[in-house]
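Here are a few notes from going through the model. Have a look at it first, then see if you agree.

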Amino acid sequence: MQIFHDPRCTDYGGPGHPERPERIVRTVPLLKSRQGDWQWHEPRAAADEELLRAHSREHLARVANASQDFDLDTPAYSNIDFYARQSAGAAIEAARAAIGGNRAFSLMRPPGHHAMRDRAMGFCYFSNIAVATLDALAPANAADAGPQATTTATGKIERVAIWDFDAHHGNGTEALVAHNEKIMFASIHQYPGWPGTGTKSFANVLNFPIAPYPSRSNHVRAAEQALEKLLESKPQLLLVSAGFDAYKNDPITQMTLEPDDFATFGKWLSDVKIPTAAILEGGYSDDLPELIDAFLSSWDS
Ligand SMILES: [Zn+2]
């Protein structure tokens, strides 16, 4: 397992915000103590050219010069541009590591799956997973990879699937990949719930809304169906928006999954025969380190 992580991703935060440094600060030593053979890599920042595959130039400028909060959930932290670029860069590197034959996980913040082409929202500034997806699909030796790009995508990936099991609808990812024939996107999420979208499937988008307080088995079955449908599209790369906020003790959702269920998700990935990388999205309970370890160690077994 290759872990992409920059310790500086814990250097920002705001009082009382659920997307807090402790999520990562407490996960790192737990994984390092239990999983001695995993390899840790520091990511690079995503370059403008890479971010521009998913976002507008105006949005990049807005994040770079953030002075007013984007919304109540999404503050204009000092230097948020740096942290958001590192997180997007880690997603790119994790996807490339997967294409290179490794299991890979990006252990970073901020998360990304709510970020829109032109808007930061829901704790998210750049769409890490869409940026990684569009990088994987980019032609080899793309001249636009930018000076910070230390490697280039292979140019051999023509179909990518995105499996999003975060408890919130991946509305940003959906908006960024909808109607792209090279991408299939599936989201399993609480509905009704924030952001209030993701009730219908269409084109290349599969939505699995789950009512609050569901039976665990129904939720897990929906996640399995979503993954099966994605794999039927014969992707050459599977990227996972791994959010752990569908956990029963998560403070901001009303879902019921147990740690074992995240281990089950990891077990399914261990059976997938195509390159796979996962990117951390949400997960706000104090048990997050255990949930991440359950998922990753099962995947790696
Ligand atoms: Zn979430």
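**Notes on the model**

1. Helix 5 and helix 6 are oblique to each other, oblique being anything outside under 35 degrees (roughly parallel), over 145 (roughly antiparallel) and 65 to 115 (roughly perpendicular). Their axes, for residues 80-99 and residues 128-137, come within 8 Å and cross at roughly 45°. Axes here are lines fitted to C-alpha atoms over the stretch in contact, with angles from 0 to 180 degrees between N-to-C directions. Helices are DSSP runs (H or I) of at least four residues and strands (E) of at least two, numbered from the N terminus.

2. On the helix 5 side, the contact (heavy atoms within 4.5 Å) includes A84, S87, A88 and A91, and on the helix 6 side V131, A132 and D135 are among the residues involved.

3. Remember that this is a predicted model: local features need pLDDT of at least 70, side-chain atom pairs need 80 or more, and totals for chains, interfaces and linings use all residues. Residues are numbered from 1 along each chain as its sequence is written, and side-chain values use heavy atoms, without hydrogens and water.

4. S106 sits in strand 3 (residues 104-106). S106 is buried at a relative accessible area of 1% (buried is under 20%, exposed over 50%, partly exposed in between; 1.4 Å probe, protein chains only). Beyond its neighbours within four places in sequence, S106 contacts residues including S87, A91 and L280. The C-alpha atoms of S106 and L280 are 6.0 Å apart, with their positions 174 residues apart along the chain.
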